[in-house]
Amino acid sequence: MKPKFGVVVFPGSNCDYDAYYSVKKVLGFNAEFLWHKEKDLKGCDVIILPGGFSYGDYLRTGAIAKFSPILEKVVSFAENGGIVFGICNGFQILLETGLLPGIMLQNESLKFVCKDIYLKVENKGTVFTSGIKKETIKIPIKHGEGNYYTDEVTLNEMIKNHQIIFTYSSSDGHVSKKYNPNGSLKNIAGISNKRMNVMGMMPHPENACDPILRKTDGAMIFKSIAKHFN
Amino acid sequence: MFKATVIVKRRPKILDPQGKAVEQGAKLLGFNNVNNTRIGKYIEFFVETDDLKAAEKEVKEYSEKLLSNPIMEDFEFTLVEVSSPKTEVKIARE
């Protein structure tokens with residue numbers, strides 16, 4: 001079965017079409033946009049919260065998006081085991097809703113960072129990563145607030161439950177401060193919830209799918225998710 | 001009616017990159033006694049009720065649910081009784 005991906009569109013989303021294009025046109029899965037004011041997930045099997053600056057990122061990133069009508073449905077979908085994938089601003093929204101633990105601070109450098117980076121795949125046992133055959137993947141980041149932070153108790157619990165999915169690393173999987181683009185705790189780039197059905201990551205896999213871009217590692221994440229529905 | 005002012009501050013242990021950067025500027029200007037600069041948010045609005053307890057409850061909930069994120073921020077607020085928003089604006093202009 002081909003899964004249907006629902007891409008939520010908030011005012012200020014700017015990677016919504018990138019996600020739709022990669023999932024539908026490049027990878028050939030079904031996809032549909034879901035407007036933030038709707039209260040219907042239209043039978044989608046996977047929900048993508050895309051990158052961008054929802055509601056202008058006013059107050060805090062994702063702070064206002066969490067009260068949009070569609071999010072109420074997304075939260076109950078996730079609580080019932082539905083697959084929810086937040087990318088960049090979508091990750092920040094998942095943190096604000098509490099579906100994922102922690103918060104995002106401004107990059108340590110105070111600069112917006114836009115470049116290709118390597119991610120070490122820390123947990124290959126999830127719906128999102130089971131199809132990744134490599135130790136590291138190359139994907140772009142583009143954010144000003146990707147400095148992940150949480151308290152020590154939560155961090156230890158996340159480590160224990162293998163909830164850290166991606167960390168910033170060298171091309172051969174060496175994780176150190178040198179490869180950390182934003183100051184995030186433990187080089188964290190992506191995490192999941194305990195149940196492993198909700199994942200958020202700062203890098204943009206949807207911008208590394210189309211071969212024309214000469215980087216396709218991001219496709220492995222979407223293919224992993226789709227494989228789950230076979 | 002009440003006028004509410006809410007101040008949202010980052011919790012002391014949470015890194016404040018903006019405060020840190022501003023403090024670098026302070027040192028460049030020679031303000032050598034300045035330290036531990038922290039940047040927060042100041043938010044003001046009116047609450048249309050004459051019941052102080054109800055106003056307090058509403059402002060507290062608004063601050064908890066939307067204006068601040070309890071994982072990284074603390075907030076404090078004050079309420080001042082005013083007759084209408086218009087008179088308040090006038091006073092501010094004078």
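Reader: What makes B:G30 stand out just after α1(B)?

Author: Directly after α1(B), the residue B:G30 takes a positive phi of about 90°. This is a predicted model, in which local features need pLDDT of at least 70 and side-chain atom pairs count only at pLDDT 80 or more, while totals for chains, interfaces and linings use all residues. Residues are numbered from 1 along each chain as its sequence is written, and chains are lettered from A and ligands numbered from 1 in the order in which they are written.

Reader: Why is α1 of chain B called a helix, and what is its span?

Author: A helix is a DSSP run of H or I with at least four residues, and a strand is a run of E with at least two, both numbered from the N terminus. Helix α1 (residues 17-28) of chain B has twelve residues, so the requirement is met. The expected span is 1.5 Å times one less than the number of residues. That gives 16 Å here, and the helix reaches 17 Å from its first C-alpha to its last, which is close to expectation.

Reader: Why is B:N69 called buried?

Author: A residue is buried if 20 or more other C-beta atoms, placed from the backbone, lie within 10 Å of its own, exposed if 12 or fewer, and partly exposed in between. B:N69 has 21 such neighbours and therefore counts as buried. Its place is in the loop between α2 (52-67) and β3 (73-81) of chain B.

Reader: Which residues does B:N69 contact, leaving aside its neighbours within four places in sequence?

Author: Contact requires C-beta atoms, placed from the backbone, within 7 Å. On that basis B:N69 is in contact with A:R60, A:E96 and A:I103.

Reader: What makes a set of residues a nonpolar core?

Author: The members must be buried Ala, Val, Leu, Ile, Met, Phe, Trp, Tyr or Cys residues joined through C-beta atoms within 7 Å. The largest such core has 72 residues, and A:V7 and A:I48 are among those with the most contacts inside it. Its largest share, six residues, comes from helix α5 (residues 219-227) of chain A. A second, separate core of eight residues includes B:F2 and B:V6.

Reader: How do you know that β9 and β10 of chain A pair?

Author: Two strands pair if DSSP finds at least two bridges between them. Strands β9 (residues 164-169) and β10 (residues 188-192) of chain A have three bridges, in the antiparallel sense, so they pair. A:I164 stands opposite A:I191 in β10(A).

Conventions
Contact = placed C-beta atoms within 7 Å.
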